[in-house]
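Here are my notes on this one, point by point. Have the viewer open while you read.

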Amino acid sequence: EVPLMKMDSYPLCLGTAAFAFEGIGLVLPMYEGTHPKMRKEFKGTMSWTLAGLCSFFILFASVAYVSFGPTTRTVILFNLQMGGLKRLTSQILFCTYPL
């Protein structure tokens, strides 16, 4: 039986959500930088973009949870077995940080 929600890890969920949407502070500067003729379309574009991003996060988390079951760890890399895939994924993530 898979529990729907674990209340003891709910603060971690909120922190992860805040981290995932940390770029939301750029909305106002983007709006101000948008050409005045296109500003009426900005709200719809931003809404659809955020809805798509949120749907992707939910889909990815759901697939990961179904794949690993109730033993799913908070960091998805911890679920991978030590080996080539985990090492390769770690190297790819390391290369995404700015030098």
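Which helix does F57 lie in? F57 belongs to α3. Keep in mind throughout that this is a predicted model.

1. Let's stay with F57 for a moment. Its side of the story is one of middling cover: F57 has 32% relative accessibility and, because buried would require under 20% and exposed over 50%, counts as partly exposed. If you want a ruler along the chain, F57 and M46 are 11 residues apart in sequence, with 16 Å between their C-alpha atoms.

2. Now the pocket. The largest pocket holds about 1,800 Å³ of space. It is lined by 32 residues, and those closest to the pocket centre are T16, F57, A61, R73 and T74. So F57, from point 1, is one of the residues closest to the centre of the largest pocket because it appears in that group, while also counting as partly exposed.

3. Who builds the lining? Two or more residues each come from α1, from α3 (39-68) and from α4 (84-95). Helix α3 gives the largest share, with nine residues. Sorted by class, the lining of the largest pocket has 23 nonpolar residues, seven polar ones and two charged ones.

4. Next, the surface. L4, M5, M7, Y10 and L14 together make a nonpolar surface patch of about 600 Å². One of them, M5, sits in the segment before α1, the helix that spans 10-20. M5 has 44% relative accessibility, so it counts as partly exposed; that also puts M5 over the 30% that a patch residue needs.

5. The loop between α1 and α2 (27-33) is where you'll find I24. Is I24 buried, exposed or partly exposed? With a relative accessibility of 46%, I24 is partly exposed. As for its place relative to α3, take L50 as the marker: I24 and L50 are 26 residues apart along the chain, and their C-alpha atoms are separated by 9.5 Å.

6. Over to C95, which is part of helix α4. C95 counts as exposed because its relative accessibility is 63%, and the cut-off for exposed is over 50%. From C95 to T49 the separation is 46 residues in sequence and 26 Å in space, C-alpha to C-alpha.

7. Last stop, Y97, in the segment after α4. Its relative accessible area is 56%, so Y97 is exposed. Y97 and Y10 lie 87 residues apart in sequence, and their C-alpha atoms are 28 Å apart in space. Y10, remember, is one of the residues that make the nonpolar patch in point 4.

Note on methods
Residues numbered from 1 in each chain as written. Predicted model: local features only at pLDDT ≥ 70, side-chain atom pairs only at ≥ 80, totals over all residues. Heavy atoms only, no water. Patch = residues over 30% accessible without salt bridge, like charges linked within 9 Å, V, L, I, M, F, W, Y side chains within 5 Å. Areas by Shrake-Rupley, 256 points an atom, 1.4 Å probe, with all protein chains shown as cover. Salt bridge = Lys/Arg side-chain N within 4 Å of Asp/Glu carboxyl O. Helix = DSSP H or I, 4+ residues; strand = E, 2+ residues; numbered from the N terminus. Buried < 20%, exposed > 50% of the residue type's maximum accessible area, 1.4 Å probe, protein only. 1 Å grid on protein atoms, 1.4 Å probe; cavity = no way out; pocket = protein on both sides within 12 Å on 5 of 7 lines; lining within 4 Å. Points joined across faces, edges and corners; volume = space filled by probe spheres on them. Nonpolar A, V, L, I, M, F, W, Y, C, P; charged D, E, K, R; others polar.
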